[in-house]
Amino acid sequence: MQDATQDRDQPPGQDGQNSESPAVDLERRLAELTTERDEAKDQALRALAEAENTRRRVERERAEALRYAAVPLLRDLVKVADHLGRALDAMPEAELDEKSKAFRDGVALTERELLAVLEKHKAERIEPLGQKFDPNLHEAVFEVADPTQEPGTIVQVLETGWKLHDRLIRPARVAVAKAA
């Protein structure tokens, strides 16, 4: 009986079961809750930043997709422009009769209209004759020994190149001068 009375008379923490005072226990619990709050806040901020980064990336990709959506169509249309140009080159105006001249004029009008449509949609011709060879814009088909030109200069254009804004649709196929 004396043991039970003795246990009641002792303050908490002195019997070996609860060694911390209520104030220390509350401080520890407060520190735990503060840590949990800070971790939750950090996770929320990270999730918000990730969502914002994703939104920006999707917006940028969407804008790029809209800007370059016409590239496959333009690749096909520049081939048509090339064929019309070749057709005109094959019909020298001086050697044609009246009917042939009318036909040539129709082909020339069609070519001009197609080139106007390409220009309207921001497709640009790459006219490299006399420029330095740039592997980002040109495709060298062969080299020509030309002592009048500096090595690496484009001396002949076999096929005109095209680009849309800053993206290459088709490289210009060229002949490049080499050292003699």
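Colleague: Is Arg56 buried, partly exposed or exposed in this model?
Modeller: The model is predicted. Arg56 has a relative accessible area of 47%, and the exposed class needs over 50%. Arg56 is therefore partly exposed.

Colleague: Which residue forms a salt bridge with Arg56?
Modeller: The partner lies in helix α2 (residues 22–67), as does Arg56, and the two are four residues apart, about one turn of the helix. The closest N and O atoms of the pair are 3.4 Å apart. The partner counts as partly exposed, at 27% relative accessibility. The residue is Glu52.

Colleague: How many residues apart in sequence are the parts that Glu159 and Arg86 tie together?
Modeller: The side chains of Glu159 and Arg86 meet in a salt bridge, at 3.7 Å from N to O. Glu159 lies in strand β3 and Arg86 in helix α3, so the parts tied together are separated in sequence by 73 residues.

Colleague: Is Glu159 buried or exposed?
Modeller: The relative accessible area of Glu159 is 18%. Buried means under 20%, so Glu159 is buried.

Colleague: Which helix gives the most to the lining of the largest pocket?
Modeller: The largest pocket holds about 240 Å³ of space. Of its 13 lining residues, the closest to the centre include Asp82 and Arg86. At least two lining residues come from each of α3 (71–89), α4 (98–120) and β3 (154–159). The most, five residues, come from α3.

Colleague: What is the area of the nonpolar surface patch made by Val141, Phe142 and Leu158?
Modeller: Val141 is found in strand β2 (residues 138–145) and is partly exposed, at 35% relative accessible area. Together with Phe142 and Leu158, Val141 makes a nonpolar surface patch of about 220 Å².

Notes
Residues numbered from 1 in each chain as written. Predicted model: local features only at pLDDT ≥ 70, side-chain atom pairs only at ≥ 80, totals over all residues. Heavy atoms only, no water. 1 Å grid on protein atoms, 1.4 Å probe; cavity = no way out; pocket = protein on both sides within 12 Å on 5 of 7 lines; lining within 4 Å. Points joined across faces, edges and corners; volume = space filled by probe spheres on them. Patch = residues over 30% accessible without salt bridge, like charges linked within 9 Å, V, L, I, M, F, W, Y side chains within 5 Å. Areas by Shrake-Rupley, 256 points an atom, 1.4 Å probe, with all protein chains shown as cover. Salt bridge = Lys/Arg side-chain N within 4 Å of Asp/Glu carboxyl O. Buried < 20%, exposed > 50% of the residue type's maximum accessible area, 1.4 Å probe, protein only.
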